[in-house]
Structures are given as structure tokens and as C-alpha cells.
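This note is offered to a colleague who is meeting the structure for the first time. The points below take up one helix and then the enclosed and open spaces.

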Amino acid sequence: MTGFEDRFWSSRDGLKLHFRDYAGPDGVLDGPPVVCLPGLTRNARDFERLAPRLAQQRRVICPDMRGRGDSEYARDSASYNPVQYGEDLLALLEQEEIDRFAAIGTSLGGLMIMGLATMMPDRIAAAVINDVGPYLEPEGMERIKDYVGQGRSFPTWVHAARGIEDNLGDAYPGHTLDFWIGMAKRLMMLSGNGRMVFDYDMKIAEPFNAYDVDTQPDLWPAWEALSGVPVLVLRGELSDLLSAQTLEKMLRRVPGAEALTLPDVGHAPTLDEPDAVAAIEGLLARAT
């Protein structure tokens with residue numbers, strides 16, 4: 001089963017939001033559904049390889065958060081914040097009558113999972129936190145600030161791929177043009193004027209750039225709220241956002257959490273890596 005249905009839900013402030021719904025196999029599903037949450041500038045396409053594989057066993061939902069992909073852009077850029085994203089997700093879960101679920105979150109998506117855990121840990125059957133933690137390395141935050149909301153465009157997919165490689169090449173060394181074209185098609189879309197543009201509202205940069213990397217809020221209680229939940233933390237060996245030291249501290253503070261560091265990748269692992277897929281499938285097998 002590789003197909004999905006494009007579906008929609010409404011936020012409490014009236015936005016029409018989109019999600020990909022991979023229904024899973026006919027008959028009895030193997031465990032609770034999986035909700036896949038993308039990073040800051042990403043969308044549902046970020047999981048286009050992982051989701052069909054997981055959907056062989058269970059339902060998989062991949063939302064476009066507000067201002068991304070096929071979801072409507074917010075009227076007020078201040079609503080581009082993790083609290084609002086969490087509220088939007090709760091509205092989706094309510095519409096779909098999902099009481100208990102497993103969650104996979106990349107970067108911002110991982111922070112969303114931790115936020116949800118503070119409110120409803122009993123509803124999270126398992127959690128995969130991809131290359132993010134309660135403390136974010138200032139170097140990585142500043143790098144993201146340098147590119148988010150820049151609004152570049154390109155005349156062809158090859159030009160787009162080379163542009164993304166120029167920006168992200170250190171995080172994904174040694175990859176071919178085909179990899180970068182695939183990355184471009186996840187991150188970008190064909191605009192009405194025939195150029196390739198990033199598939200998100202440039203205004204998401206406004207609240208993000210106002211964030212002071214040197215005075216981060218204490219997110220450790222949010223991480224610790226996942227205690228007792230099967231948890232896997234993935235880290236890119238070259239990551240500039242989640243350090244090895246922070247990961248070690250995370251494992252000390254949530255006993256039983258698992259971790260996997262993926263070689264030769266930075267922020268963030270694509271979740272196409274064979275070791276990552278195997279670890280995710282192993283964790284989900286314990287999600288009940």
C-alpha cells in the first residue's frame with residue numbers, strides 16, 4: 001500500500017489545513033495510528049518514503065501545519081508558534097476521533113511531541129524525536145535563522161537542487177544530484193510564474209527570528225513528560241542543533257529512552273536511512 005488520500009481539517013481560528021491520510025492495510029490494523037510531524041520549513045512530503053512503509057501495518061497521518069504545503073497561510077504571523085501548532089493538531093485528532101497515537105517528529109515536530117506530552121502523556125503510545133532536544137545549540141539556531149524566510153526561487157529543479165545543496169550540503173555530504181532533486185521536490189513547489197519556490201509562508205520567519213537563542217525556555221520538564229512512554233531519539237552525527245552532550249543528558253533524565261546516532265548526516269536525518277527505518281519499526285512494534 002503506497003497511496004494516500006488528501007484530506008483536510010479546520011483550525012479553531014478558521015484555517016483550512018491539509019493532511020495526507022495513509023489508511024493502512026485492510027482489516028485489523030497493527031497498533032495505534034502514527035502521526036508524522038515535520039520540521040519548521042517542511043511539510044507532509046517529508047515522510048513520503050517512510051509513511052508508505054509504515055502504512056503496511058497501520059494508519060499513518062502526515063499533516064501540513066499552518067502556512068506549509070497545502071494548508072492555508074495564517075492571517076496573523078504571530079500564530080506561527082509551537083503552542084498554536086499543538087492546538088491545530090489537537091483539532092485534527094478530535095476530527096479523526098484518534099484517542100491514542102504514536103508520533104514521529106522532526107525538529108519542530110519533535111518539540112511539538114514534547115509539548116503534547118505535558119498535556120496528555122497517556123495518549124502518546126510511542127514517540128520518535130528526530131534530531132532535537134530540550135536544549136538547542138545556538139550555532140544551529142543561528143544557521144536556521146540565516147535561511148528561513150529568504151524566499152529564493154529557481155528556474156528549474158536542477159537549479160533548485162543545487163541551491164539547496166549549497167545551503168545544506170554540510171548536513172548531507174557526498175550525495176548525488178538525484179538526492180538533491182528529491183530534497184528540492186520535498187521542500188519546494190512550482191509557482192504560478194513557472195519558478196521553483198519554497199513551499200511555506202515566508203512569514204513563519206517572523207516569530208522564529210524574534211526567538212533569543214541565548215535565553216531558551218526550560219524544556220526539560222517537557223522532555224521528562226515522556227517518561228514511561230517508549231521513546232527513540234535519532235541524532236545526526238554532524239548535527240549542529242542536538243549535541244551529543246544534550247543527548248546523553250536526555251537519556252539520563254528519561255530512563256528507558258533509546259537513542260541512535262546516524263553517521264554522516266547533520267540536521268536532520270531524512271528518516272530514509274535503513275538504520276533509522278529499522279529503529280522506528282522496532283519502536284512502533286511496542287506501541288500499543
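1. Which residues of helix 2 are buried? The model under review is a predicted one, and in this model the buried residues of helix 2 are Gln84, Tyr85, Gly86, Asp88, Leu89, Ala91, Leu92 and Leu93.

2. The extent of helix 2 may be stated next. Helix 2 covers residues 82-95, 14 residues in total. From its first C-alpha to its last it reaches 20 Å, close to the 20 Å expected at 1.5 Å a residue.

3. The surroundings of helix 2 deserve attention. Its buried residues pack against five strands and a helix, namely strand 1 (5-10), strand 2 (16-22), strand 3 (34-37), strand 4 (60-63), strand 5 (101-106) and helix 3 (108-119).

4. Both ends of helix 2 have a feature to record. At the N-terminal end, Asn81 acts as a cap, with a side-chain oxygen 3.0 Å from the backbone nitrogen of Val83. Just after the helix, Glu97 adopts a positive phi of about 55 degrees.

5. The enclosed space is considered next. The count of cavities of 30 Å³ or more comes to one, and the largest cavity has a volume of about 60 Å³. Its lining consists of Arg42, Asp46, Phe47, Thr106, Asn130, Tyr172, Arg186, Ala268, Pro269, Thr270 and Leu271. By class, these lining residues divide into five nonpolar, three polar and three charged.

6. One residue of that lining, Asp46, merits a closer reading. Asp46 is placed in the loop between strand 3 and helix 1 (50-54). Is Asp46 buried or exposed? Asp46 counts as buried because its relative accessibility is 8%, and buried means under 20%.

7. The contacts of Asp46 complete its description. Its side chain makes a polar contact with the side chain of Arg42, at 3.0 Å. Leaving aside residues up to four places away in sequence, Asp46 touches Pro38, Arg186 and Thr270. Both Arg186 and Thr270 also appear in the lining of the largest cavity.

8. An open space remains to be described. The second largest pocket has a volume of about 180 Å³. It is lined by Arg49, Tyr172, His175, Phe179, Leu262, Pro263, Asp264, Val265, Thr270, Asp272, Glu273 and Asp275. This lining divides into five nonpolar, two polar and five charged residues. Tyr172 and Thr270 line this pocket and also line the largest cavity.

Conventions. Residues numbered from 1 in each chain as written. Predicted model: local features only at pLDDT ≥ 70, side-chain atom pairs only at ≥ 80, totals over all residues. Heavy atoms only, no water. Helix = DSSP H or I, 4+ residues; strand = E, 2+ residues; numbered from the N terminus. Expected span 1.5 Å × (residues − 1). Buried < 20%, exposed > 50% of the residue type's maximum accessible area, 1.4 Å probe, protein only. Contact = heavy atoms within 4.5 Å. Polar contact = N/O pair within 3.5 Å; in protein donor to acceptor, adjacent residues only side chain to side chain. 1 Å grid on protein atoms, 1.4 Å probe; cavity = no way out; pocket = protein on both sides within 12 Å on 5 of 7 lines; lining within 4 Å. Points joined across faces, edges and corners; volume = space filled by probe spheres on them. Nonpolar A, V, L, I, M, F, W, Y, C, P; charged D, E, K, R; others polar.
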